[in-house]
Amino acid sequence: SYYCGTQARSTTTSMDKICRELVRLTTHKDFSPIIVPLQSSLTVTLPTSHHQHTDHNPFPGIQPTIIRFDDKVEILQSMQKPKKIIILGSDGKAYSMMCKPKDDLRKDCRLMEFNSVINKFLLRDPECRQRHLYIRTYAVVPLNEESGIVEWVENTSGLRNILYKLYRERGCYTSGNEVKNLMEPAIGNRQLMK
């Protein structure tokens, strides 16, 4: 639910204010190329036969590298305040990424790997291939146990936003505060019973 945010509110700040070291790193004369963390850049292709392994390139094509970071940073209004940044690549394109603090993304990364395996099975099945069935995957790069980078997927909505809209349309939406107020008597009664 946090990988997208076409409807999310945000505030902006400067990359120089929140991560000056990263800005300096990309302008340093000894900065070596780092591949932009995209799903397409992280997907390995295996040789189709055992005879091709000597000259096989597991990452075909030219992978864009990081040239610099755009100065504008969006701070999203979800609980952990993730930041949407833009990486300018060596291919001239701008790539949006979300930096997630205080969130362990290792399970999310494994889920994307699992979805990639499911996609391979879907491609093998003639009916699924004919119907163009697949799971849209994106790059998830855990940096440590509590932060990471997620490839931004444009033109999507988070599950929370979808459910919020559906509940509102049906007139059955209850805000977090309303739920809390409804629960207070039950919690109070439980404590009295102890």
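User: In this predicted model, what makes the contact between the side chains of Glu113 and Arg110 a salt bridge?

Analyst: The side chains of Glu113 and Arg110 meet with an N to O distance of 3.0 Å, and because the definition asks for a side-chain nitrogen of Lys or Arg within 4 Å of a carboxyl oxygen of Asp or Glu, the pair counts as a salt bridge.

User: Why are Glu113 and Arg110 said to be separated by about one helical turn?

Analyst: Both residues belong to helix H4, which covers residues 106–124, and they are separated by about one helical turn because they lie three residues apart in that helix.

User: How do you know which exposure class applies to Glu113 and which to Arg110?

Analyst: Glu113 has a relative accessible area of 42%, which falls between the limits of 20% and 50%, so Glu113 is partly exposed. Arg110, at 52% relative accessibility, is over the 50% limit and therefore counts as exposed.

User: Why is the contact of Arg106 with Asp104 called a salt bridge, and what exposure do Arg106 and Asp104 have?

Analyst: The closest N and O atoms of Arg106 and Asp104 are 2.6 Å apart, and since the cut-off is 4 Å, the pair qualifies as a salt bridge. Arg106 is partly exposed at 42% relative accessibility, and Asp104 is partly exposed with a relative accessible area of 31%, because partly exposed is the class between 20% and 50%.

User: What makes the pairing of Asp30 and Lys29 a salt bridge, and are these residues buried or exposed?

Analyst: The N to O distance between the side chains of Asp30 and Lys29 is 3.6 Å, which is within 4 Å, so the pair is a salt bridge; Asp30 and Lys29 are exposed.

Methods. Residues numbered from 1 in each chain as written. Predicted model: local features only at pLDDT ≥ 70, side-chain atom pairs only at ≥ 80, totals over all residues. Heavy atoms only, no water. Buried < 20%, exposed > 50% of the residue type's maximum accessible area, 1.4 Å probe, protein only. Helix = DSSP H or I, 4+ residues; strand = E, 2+ residues; numbered from the N terminus.
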